[in-house]
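Trainee: I'm new to this one. Could you walk me through it and tell me how each label is earned?
Mentor: Gladly. Let's open it and begin.

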Amino acid sequence: MKLYHGGNTAVRHPVILASDRKLDFGVGFYLTSCLEQAKRWAILTAERRGVGQPTISVYQFDEAILSTLKVLHFEEADKRWLNFIVANRERIPSNQRWDIIIGPVANDRTMPVIRMFLAKTYTGSEPLQRLLPQKLHDQYTFKNEAVLRHLYFTETISL
């Protein structure tokens, strides 16, 4: 399968970088199978950092290897997904160690709902009801250097 990483520079050799950002699935190397989403990430990253050019790094990944890895897969934006994202954004430590985490992106449209959930303004099933109509694209988070070796860089797309 093809996976895309949107950034402000080409990434031929991905690495896991420590980050102080509060990300959906914690520290890792983030990709998506959606080219349009990678374009948005590339443009946003270049704008935020004020350096580089919007660039998409393209990789091949053999999905057959997933059966040999420790994978957490969220099929949809459900309560389990929401709680996992909230824990990562609140930096609540987890004793679980995953190789890859796959699931929907908490994008700019979902963040107000998540903020209201964190503030305890939305409770019960209300946050999920507000998220259901949104078409959330996927994200693949590679969590360690060993699993990054299964990504094969193929090209860059400059925007």
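Trainee: Which residue does Y4 stand opposite in β3?
Mentor: Y4 stands opposite V58. Keep in mind that this is a predicted model. In the same pair of strands, the bridge partner of K2 is Q60 in β3.

Trainee: What makes β1 and β3 a pair of strands?
Mentor: Two strands pair if there are at least two bridges between them. Strand β1 (residues 2–7) and β3 are joined by 6 bridges, so they count as paired by that rule. They run antiparallel.

Trainee: How do you know that β3 also pairs with β7?
Mentor: The reasoning is the one we just used. Here 7 bridges join β3 to strand β7 (residues 151–158), again antiparallel, and the rule asks for at least two. One example is S57, whose bridge partner in β7 is T156.

Trainee: What order do the strands of that sheet take?
Mentor: The order is β1-β3-β7, in an open sheet of 3 strands with antiparallel pairing.

Trainee: Why are β1 and β7 called edge strands?
Mentor: Each of them pairs on one side only. Neighbouring strands in this sheet are turned by 25 degrees against each other on average, direction ignored.

Trainee: Which helix packs on this sheet?
Mentor: Helix α1 (residues 35–49) does, touching β1, β3 and β7. The direction of α1 makes about 20 degrees with that of β1.

Trainee: Why is strand β3 described as largely enclosed?
Mentor: A residue is buried when its relative accessible area is under 20%. In β3 (residues 55–61), 6 of the 7 residues are buried, so the strand is largely enclosed by the rest of the structure. For the chain, 44% of its 159 residues count as buried.

Trainee: What is the order of the open sheet of 4 strands?
Mentor: That sheet runs β2-β6-β5-β4, with mixed pairing. Its edges are β2 and β4, each with a single partner strand, so one side of each has no neighbour in the sheet. The twist averages 15 degrees from one strand to the next.

Trainee: How do you know that β5 and β6 pair?
Mentor: There are 5 bridges between β5 and β6, which run antiparallel, and at least two are needed. Within this pairing, I100 stands opposite F142 in β6.

Trainee: How many aromatic pairs does a search of the whole structure find?
Mentor: It finds 6. Take F25 and F74: their ring centres are 5.9 Å apart, with 25 degrees between the planes.

Trainee: Why is the pair of F25 and F74 called stacked?
Mentor: Ring centres must lie within 6.5 Å to pair, and planes under 30 degrees apart count as stacked. With 5.9 Å and 25 degrees, F25 and F74 meet both conditions. F25 lies in the loop between β1 and β2 (29–31), and F74 in the loop between β4 (71–73) and α2 (79–89), so the pair ties together parts that are 49 residues apart in sequence. Both F25 and F74 are buried.

Trainee: What makes F61 and F142 an edge-to-face pair?
Mentor: Planes over 60 degrees apart count as edge-to-face. The planes of F61 and F142 stand at 80 degrees, with centres 5.3 Å apart, so the label fits. This pair links distant parts of the chain, F61 in strand β3 and F142 in strand β6 (residues 138–142), 81 residues apart. Both residues are buried.

Trainee: How do you know that K70 lies over the face of W98?
Mentor: K70 is 5.1 Å from the ring centre of W98. The distance limit is 6 Å, and the charge must also be within 35 degrees of the ring normal.

Trainee: Which residues have the most contacts inside the largest nonpolar core?
Mentor: They are L3, F29, L31, F61, I100, F142 and L151, in a core of 15 residues. The elements giving two or more residues to this core are β2, β3, β5 (100–104), β6 and α5 (145–148). A second, separate core has 14 residues, including Y30, A77, W81 and I101.

Terms used:
Residues numbered from 1 in each chain as written. Predicted model: local features only at pLDDT ≥ 70, side-chain atom pairs only at ≥ 80, totals over all residues. Heavy atoms only, no water. Buried < 20%, exposed > 50% of the residue type's maximum accessible area, 1.4 Å probe, protein only. Axes fitted to C-alpha atoms, helices over the stretch in contact; angles between N-to-C directions. Contact = heavy atoms within 4.5 Å. Core = buried A, V, L, I, M, F, W, Y, C linked by side-chain atoms within 4.5 Å.
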